[in-house]
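Colleague: Please take one small part of this model and look at it closely. After that, describe what else can be said about the chain, in plain terms for someone who has not seen it before.

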Amino acid sequence: MDLSARTLLIIEDDEGLQSQFKWHFDGLATTLVTTSTVQEALTLVRQYQPRVIIQDLGLPPDAEGVSEGFRCIAAVLSIAPRSKIIVLTGKDEHRNALKAISLGAFDFYLKPLDTDRLDHVVERAFHLAQLEWENRQSLDASEPLPGLITANPQMRNICRMIDKIAQSKITATLLGESGTGKEVLARAIHSQSADRDRPFVAINCAAVPENLIESELFGYEKGSFTGASTSNIGKIEQAMGGTLFLDEIGDMPLALQAKVLRFLQERMIERVGGRKEIRIDLRVVCATNKNLQQMVQAGTFRADLFYRICEIVIDIPPLRERGNDPILIAHHILKRYCQEVAVKPMVFSYDALQAIGHYSWPGNIREVENRIKRAVVLAENTLIQAADLALQAPTRKPLAINIKEARKNAEVEAIHSALALSQRNISSAAKLLGVTRPTLYDLLKKYNLFIDHS
């Protein structure tokens with residue numbers, strides 16, 4: 001569904017308020033529908049799939065209570081779980097408003113009605129709906145390689161490099177912080193190659209004790225050391241014909257580096273305690289989060305091995321430098337994890353998306369996964385808040401008391417958001433804002449806003 005068609009549904013049994021809403025929101029929404037009953041509301045939800053809904057809690061036949069209002073929220077979200085419901089309630093009914101949020105409502109607004117302030121809440125709802133929709137659209141085309149979710153141009157270039165590397169058996173080294181997806185890219189090289197049906201064997205050089213790593217890699221013959229009661233092939237032989245992934249090669253003991261260098265140069269190995277040379281045919285991919293050039297200068301990594309494994313080097317940017325990728329990846333992981341643990345589909349709140357987009361993610365993708373698993377377990381309902389992720393939403397500007405100032409702030413914020421979402425395209429931004437291009441130009445001039453088209 002194209003969210004440039006900003007559909008707004010108003011569920012309100014007060015005819016006077018209905019008329020006021022229809023008049024006030026006529027320019028804000030491209031499609032505006034109203035109703036006073038729950039049953040008709042559900043029909044309209046199925047027909048229009050509204051992105052934003054303004055709903056009174058007191059609906060017939062329980063106009064003086066809240067039972068029908070709560071029933072309406074639950075029923076609407078079962079049909080259209082991504083719709084943003086803004087609940088209208090009296091100033092003395094704060095507890096009911098919070099219960100509505102726990103049922104999945106997006107936000108609440110306390111009467112008496114101030115349409116200028118309500119405008120700001122509705123704009124936030126439309127903005128979030130648009131953002132989620134664009135993220136889902138991006139997600140549909142954001143897996144250029146198996147297991148890799150990205151819309152970032154730099155990562156897309158890396159994917160093109162991976163495709164080319166996969167067509168040869170050149171030794172490639174992946175450099176990047178912990179959790180940036182080095183093994184995912186290594187597996188992608190293997191899966192895109194002609195040897196995809198052969199083994200992919202990984203060994204973490206930092207995880208194997210120094211006195212065992214040689215036998216783990218090269219294998220050993222019977223009787224070569226105490227406890228070697230049988231011969232055993234190592235990771236290199238296990239990967240024959242396929243791909244050997246040497247993860248965290250920067251942690252490989254210096255004494256073993258010479259033997260690995262010989263293997264890479266001659267494609268021959270000898271098992272520990274053996275005398276027979278074994279010819280090896282495979283692809284080697286290495287990875288590390290260390291600065292190998294500095295290690296070479298410090299004498300902790302062999303220069304000749306460095307040049308041998310770095311026939312092609314791929315620098316993987318950290319997640320904080322990948323634009324909107326954290327949000328794309330978060331959506332993907334959330335969907336996958338909900339399916340794994342068999343819970344109802346969950347969505348992120350506006351504050352959660354803001355927090356995900358602003359957080360620096362020092363643990364990269366691994367941290368995203370951990371926080372989302374935590375949130376799925378701890379969330380009170382199907383709406384994940386920033387607090388569920390143990391993240392803090394960006395601090396909002398204090399609310400301006402002056403109505404004129406509040407409207408100006410809301411309009412400037414909406415303009416900035418629309419320009420960002422449309423990549424500074426005036427026509428698209430005007431459509432998102434529900435105004436004409438000349439009107440948007442007038443607003444840009446009015447607020448002295450400059451557009452950088454670079």
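Modeller: E248 has a relative accessibility of 11% and counts as buried, where buried means under 20% relative accessible area, exposed over 50% and partly exposed in between, with a 1.4 Å probe and protein chains only. This is a predicted model, in which local features need pLDDT of at least 70 and side-chain atom pairs count only at pLDDT 80 or more, while totals for chains, interfaces and linings use all residues. Residues are numbered from 1 along each chain as its sequence is written, and side-chain values use heavy atoms, with hydrogens and water left out.

E248 sits in the loop between β8 and α10. Helices (H or I, at least four residues) and strands (E, at least two) are DSSP runs, numbered from the N terminus. Leaving out residues up to four places away in sequence, E248 touches K182, N204, C205, A206, A287, T288 and N289; contact means heavy atoms within 4.5 Å. One of these, N289, is 41 residues from E248 along the chain, yet their C-alpha atoms are separated by 6.8 Å.

The strand before this loop, β8 (243–247), also helps to cover helix α8. Within α8 (residues 210–218), the buried residues are I213, S215, L217 and F218. Their cover includes β7 (200–204), α9 (235–238), α10 (254–266) and β9 (268–269) as well. Directly after α8 comes G219, with a positive phi of about 80°.

Some other residues have unusual backbone angles, and a general point helps here. Most residues other than glycine have a negative phi, and most peptide bonds are trans. R267, in the loop between α10 and β9, is not a glycine but has a positive phi of about 55°. Q49 is another non-glycine residue with a positive phi, of about 45°. It lies in the loop between α2 (38–48) and β3, and with a relative accessible area of 23% Q49 is partly exposed.

After β3 the chain has a cis peptide bond, from P60 to P61, with omega near 10°. P60 is placed in the loop between β3 (52–56) and α3 (67–79), and P61 has its place in the loop between β3 and α3 too. The relative accessible area of P60 is 29%, which makes P60 partly exposed. Beyond its neighbours within four places in sequence, P60 is in contact with D13, S36 and E68. The C-alpha atoms of P60 and V38 are 7.9 Å apart, with their positions 22 residues apart along the chain.

Two strand pairs can be described next; two strands pair if DSSP finds at least two bridges between them. Strand β1 (residues 7–11) has 5 of its 5 residues buried, so β1 is largely enclosed by the rest of the structure. T7, L9 and I11 point one way from β1, L8 and I10 point the other way, and all are buried. β1 runs parallel to strand β2 (residues 31–35), joined by 5 bridges, and L9 stands opposite V33 in β2. Strands β4 (residues 84–89) and β5 are also parallel, with 4 bridges between them; T89 has L110 in β5 as its bridge partner. In contrast to the faces of β1, β5 (residues 107–110) has a covered face, with D107 and Y109, and an uncovered one, with F108 and L110.

Seen as a whole, the protein has 18 helices and 14 strands. Its radius of gyration is 29 Å, well over the 22 Å that the globule rule gives for 454 residues, so the protein is more spread out than a compact globule. That radius is taken over C-alpha atoms, and the globule rule is 2.2 Å times the number of residues to the power 0.38. Along the principal axes, the C-alpha atoms fill a box of roughly 95 × 50 × 35 Å. Of the 454 residues, 49% count as buried. Among contacts with a separation of 6 or more, 68% are between residues 24 or more positions apart.
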